[in-house]
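Morning, everyone, and thanks for making room for me on the schedule. Let me put the structure up, and then I'll walk you through the parts I'd like you to look at.

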Amino acid sequence: MEDSSRFRILDISWLTACMEVGRPVDSEKYQLPVSQVDEDHSATPDIDRNCISQYACQRRTTLKNYNQKLTTFAHPLTSFKLSACSKLLLIFPVSYLHCFKDAFEILVENYEFNENKEFCLAFGRAASILKCLSFTVVRVNDIEGLPWMGKQVREIIEDILEEGESSKVKAVLNDENYRSIKLFTSIFGVGLRTSDKWYRMGLRTLEEVKCNKNLKLTRMQKAGFFYYDDLISGVSKAEADAATRIVQDTVWKILPNAVVTLTGGFRR
């Protein structure tokens, strides 16, 4: 922390007190001690595990993810070869080929596809805990005492720490069912039931779906295919700023003194 003497760190109760009286109050009794924080998070600090709540709404999540090694996973080349022929089929759009995805969220997604609510919830909670930690997990013992760190979660973490990747996550990414359902649900208007139906019909690519004359697509699904490339691509900061200016110009015609603020990811 640079030159911490220039400012004070206050407890959140100071804000509550200010709101009660409608003005800033003396901050002295609300001031928290500023400790020098070691920027090297490779060593696990001595923390009270009981202070980390099992409830997400009661946890402070750091802006930096110190456990990116555990919570990110590189996608392999998303293609596979059919055993019946030598034709190579691309399952995911090109934008997926070089992306990184949360290892636990891949498992969560897979369990959601298979309607396994128990494991879906378990791995989702584990990912949330890891992202809120203010230190880097370098050994399995570092998660001792933390909530939602069950046996299977520990095995995944141990696998990633020792091998650099999880064989279980890798198996999911190479699973034809997961990849097909993932692809089909990326289409606007297509849910798990429809995706599973298409998979059972032997469909594996978007082109196969579009060329199948036995399928009757809904109005939303037709729109999903037509605008597919636009819908799966992220919104750029320039596009968000352009939309903000349009809204600002419209609002200011009605309320000249109104404050229009861009929210969401770009706001952060």
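Start with E115, which sits in the loop between helix 3 and helix 4 (117-132). Keep in mind throughout that this is a predicted model. What is the phi of E115? It is near 55°, a positive value in a residue other than glycine. As for its surroundings, E115 counts as partly exposed, because its relative accessibility is 49%.

There is another residue to put beside it. W148 also has a positive phi, about 65°, although it is not a glycine. You'll find W148 in the loop between helix 4 and helix 5 (151-163). With a relative accessibility of 30%, W148 counts as partly exposed.

Now, back to helix 3, and what it packs against. The axes of helix 3 (residues 103-113) and helix 7 (residues 176-185) come within 11 Å, crossing at roughly 85°. That angle is why helix 3 is described as roughly perpendicular to helix 7. Which residues meet there? From helix 3 we have I106, E109, N110 and F113, and from helix 7 they meet Y178, I181, K182 and T185. Sorted by character, the residues of this contact of helix 3 with helix 7 are 4 nonpolar, 2 polar and 2 charged.

Just ahead of helix 3, take a look at D102. This residue is placed in the loop between strand 6 (100-101) and helix 3. Is D102 buried or exposed? It is buried, because its relative accessible area is 6%, and the cut-off for buried is under 20%. The C-alpha atom of D102 is separated by 10.0 Å from that of V169, a residue 67 places away along the chain.

Let's move on to helix 8 (residues 192-200), where S195 lies. S195 has a relative accessible area of 0%, so it is buried. Leaving aside residues up to four places away in sequence, S195 touches I181, F184, T185 and V190. You have met I181 and T185 already: both are among the helix 7 residues in the contact with helix 3.

Helix 8 also turns up in the next stop, helix 10 (residues 219-226). Which residues of helix 10 are buried? They are Q221, G224 and F225. Seen down the axis of helix 10, those buried residues fall within an arc of 95°, so they line one face of the helix. In general, an α-helix has 3.6 residues a turn, so residues three or four places apart point the same way. On the other side of helix 10, R219, K222 and F226 are exposed. And what covers the buried residues? The cover includes helix 8, helix 9 (206-211) and helix 11 (228-232).

Stepping back to the whole chain, there are 12 helices and 6 strands. Of the 268 residues, 32% are buried. Among contacts between residues at least 6 apart in sequence, 55% join residues at least 24 apart.

Finally, a word on confidence. The chain averages a pLDDT of 78, and 75% of the residues score at least 70. Over residues 36-43 the pLDDT is below 50, and this stretch has 8 contacts in the model beyond near neighbours in sequence. Residues 75-101 also have a pLDDT below 50, with 55 contacts beyond near neighbours in sequence. Where pLDDT is low, the predicted coordinates should not be read in detail.

Thanks for listening, and I'm happy to take questions.

Technical notes
Residues numbered from 1 in each chain as written. Predicted model: local features only at pLDDT ≥ 70, side-chain atom pairs only at ≥ 80, totals over all residues. Heavy atoms only, no water. Helix = DSSP H or I, 4+ residues; strand = E, 2+ residues; numbered from the N terminus. Buried < 20%, exposed > 50% of the residue type's maximum accessible area, 1.4 Å probe, protein only. Contact = heavy atoms within 4.5 Å. Axes fitted to C-alpha atoms, helices over the stretch in contact; angles between N-to-C directions. Parallel < 35°, antiparallel > 145°, perpendicular 65-115°, else oblique. Nonpolar A, V, L, I, M, F, W, Y, C, P; charged D, E, K, R; others polar. pLDDT = per-residue confidence, 0-100. Arc of directions from axis to C-beta.
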